[in-house]
Amino acid sequence: MDVEDRLGANPDVLLRRDGFRLLSTRSAAIPIWRTVVRCRILKKSPVSTFTEFVLRAISVGVQRAEDVARFLNVPDRLVDAIIADLLFDRYLTVNTTADEAVLQLSPTGKTLVSTLVQERVIERTAAYLIDGLSGEPVSVKRDLVLTADDLDDNPRLVLNPDSDIDIDIGPDDTARFLGVDPVRPERESTLLSVLGVESTTKQYLAATALLFESETDPQDRYLRVCVDGRQDERIETLVRERGLLDSMRLTQRIDEDRRRVDRLLPGEVLEARAPDVLVEDALEELRRLAPVTIEGSDENALDARRSKIRTQLTAAPVRRLSVREAAEDTEVALLAAEQGVLISASRLWPAHRAEHFVTVVRQLLQAGCPITLETPPRQQLSKTDSATLDRLAGEFPDSGIEFSDTKPAHEASFIVIDQTSMTVFPGGPFAELATLSDRLGDDRPTIVRGSERVQAVIAAAHVAAPMARGRTAELSRGTRRQN
């Protein structure tokens with residue numbers, strides 16, 4: 001599921017902020033505690049059919065158990081059991097006269113006959129969700145709650161406070177729970193009092209985090225948190241109040257990402273990079289000129305303006321792609337490759353996107369486009385990346401993909417397409433929304449156009465290991481695609 005799906009029906013509203021540029025988006029998780037609480041509740045339930053018959057019989061003057069059984073034509077033992085329960089719950093009383101003991105409805109019994117709803121106060125346990133940032137009970141849709149195993153299978157950025165909240169709940173906290181639904185609400189029951197906590201289990205609330213940076217002040221950062229496709233300002237306020245932006249080392253991570261890219265770019269390439277503000281302004285104008293029919297507008301003029309802006313963006317020899325551009329721009333360029341593709345990867349794609357990129361690789365190879373996949377030595381790879389390599393080697397034996405384990409020891413990745421276009425990423429390749437799910441930073445890759453500039457970056461990347469490049473310097477050795 002991509003970020004547009006997670007952000008509901010109108011993601012553009014959430015992916016934009018006036019005066020800011022989007023640096024990163026992440027699948028996130030907010031800690032919540034599943035807390036089993038002992039409670040006193042008022043439980044309401046409809047009376048059973050036979051109980052209703054017994055109550056109505058007594059209400060019309062049938063006063064002895066054996067008479068009730070004959071009146072209703074039911075077994076004595078059934079009537080005796082029902083009457084015993086009604087006496088225990090004080091819906092019936094026994095009026096003893098000189099001759100005999102007769103049954104009568106108590107005041108609560110008369111109310112029960114009129115409503116046929118039985119009320120009783122009981123003690124039992126109920127599970128509530130406690131927000132891990134504020135310590136307050138919250139109501140959460142069940143499909144948004146994640147377990148620790150869910151995070152192991154599909155990692156997310158966890159917005160953890162420095163220390164866990166202290167869950168010490170007693171009768172004085174009852175008011176905090178009155179407007180909150182338990183995990184499995186009981187039908188027709190009312191919370192009367194919270195007595196204490198029996199157990200707690202840490203769980204997580206699925207969310208999406210979007211990191212923005214001011215266009216005028218690089219130190220001004222804004223973290224937007226969305227839950228179930230809607231911005232959650234309550235959580236954003238808690239994140240700021242708890243100082244999570246500082247504890248997450250956002251400034252250092254953003255600087256690290258930028259340095260990873262910049263260290264790969266020679267000075268003349270860095271100097272040719274278009275200013276981010278100009279690129280953002282052009283992209284914003286493109287968004288405003290989206291192909292929507294506007295009454296009285298000149299569609300031809302709009303087309304011409306859109307075309308001019310796209311040409312200007314394409315003509316920039318070096319520029320940062322926006323977060324939203326990165327995946328589509330890279331994939332479109334890949335599928336148009338003819339002479340060859342080099343993927344020099346610090347890390348590979350996330351496990352949940354593996355099938356998609358295997359399909360892209362398959363399309364390239366079927367079209368006759370050779371691929372070099374350059375990774376660090378296997379002992380430096382994660383288990384997931386090693387498994388991905390094994391899968392690729394098994395699916396594409398002797399089919400035009402060359403595996404190399406001599407990637408230089410820089411932290412960035414890059415993809416070279418036909419020697420004329422190159423995209424440099426701060427981490428794993430194929431940057432897309434929420435690819436690196438365990439961190440926030442500046443995900444914007446830099447695109448470099450022009451064979452001389454591309455070769456300059458490749459040479460700089462491999463300067464420490466000039467003899468171990470595979471086909472990285474001469475991608476055109478491969479067979480050209482047949483049209």
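**Helix packing and local features of the predicted model**

Helices α4 and α5 are oblique to each other, a class that holds angles falling outside the ranges for roughly parallel (under 35 degrees), roughly antiparallel (over 145) and roughly perpendicular (65 to 115). In this predicted model, local features need pLDDT of at least 70 and side-chain atom pairs count only at pLDDT 80 or more, whereas totals for chains, interfaces and linings use all residues. Residues are numbered from 1 along each chain as its sequence is written, and side-chain values use heavy atoms, with hydrogens and water left out.

The angle between α4 and α5 is about 125°, with their axes 9 Å apart; axes are lines fitted to C-alpha atoms, for helices over the stretch in contact, and angles run from 0 to 180 degrees between N-to-C directions. Helices (H or I, at least four residues) and strands (E, at least two) are DSSP runs, numbered from the N terminus. The crossing of α4 and α5 is right-handed, the near helix being turned clockwise from the far one by less than a right angle, while an anticlockwise turn is left-handed. Contact (heavy atoms within 4.5 Å) is made by Ala65, Val68 and Ala69 of α4 and by Asp76, Val79, Asp80 and Ile83 of α5. By class, this contact has 5 nonpolar, no polar and 2 charged residues, where Ala, Val, Leu, Ile, Met, Phe, Trp, Tyr, Cys and Pro count as nonpolar, Asp, Glu, Lys and Arg as charged, and the others, Gly among them, as polar.

A second helix pair is formed by α13 (residues 276-288) and α14 (residues 299-315), which pack at an angle of about 155° with their axes 10 Å apart. That angle makes α13 roughly antiparallel to α14, and the crossing of the two is left-handed. Val279, Ala282, Leu283, Glu285 and Leu286 of α13 meet Arg305, Arg306, Ile309, Arg310 and Leu313 of α14, giving a contact with 6 nonpolar, no polar and 4 charged residues.

In helix α3 (residues 49-59), Thr51, Glu52, Val54, Leu55, Ala57 and Ile58 are buried, a term that denotes under 20% relative accessible area, with exposed being over 50% and partly exposed in between (1.4 Å probe, protein chains only). The cover over these buried residues of α3 includes α4 (65-72), α5, β2, β3 (101-105) and α6 (107-115). After α3 comes Gly61, whose phi is positive, near 110°.

Positive phi values also occur in residues other than glycine. Arg90, in the loop between α5 (76-88) and β2 (92-96), has a phi near 65° and is exposed, with a relative accessible area of 66%. Asp418, in the loop between β15 (413-417) and β16 (421-425), has a phi of about 55°, but counts as buried at 14% relative accessibility.

Asp164, in the loop between β7 (157-158) and α8 (174-177), is partly exposed, with a relative accessible area of 48%. Neighbours within four places in sequence aside, Asp164 is in contact with Trp33 and Lys202, and its C-alpha lies 7.0 Å from that of Gly132, 32 residues away in sequence.

Ser404, in strand β14 (residues 401-404), is buried, with a relative accessible area of 11%. Residues up to four places away in sequence not being counted, Ser404 touches Leu373, Glu374 and Thr375. The side chains of Ser404 and Thr406 are joined by a polar contact of 2.8 Å, that is, a pair of N or O atoms within 3.5 Å of which, within protein, one must be able to donate a hydrogen and the other to accept it, residues adjacent in sequence counting only if both atoms are side-chain atoms.
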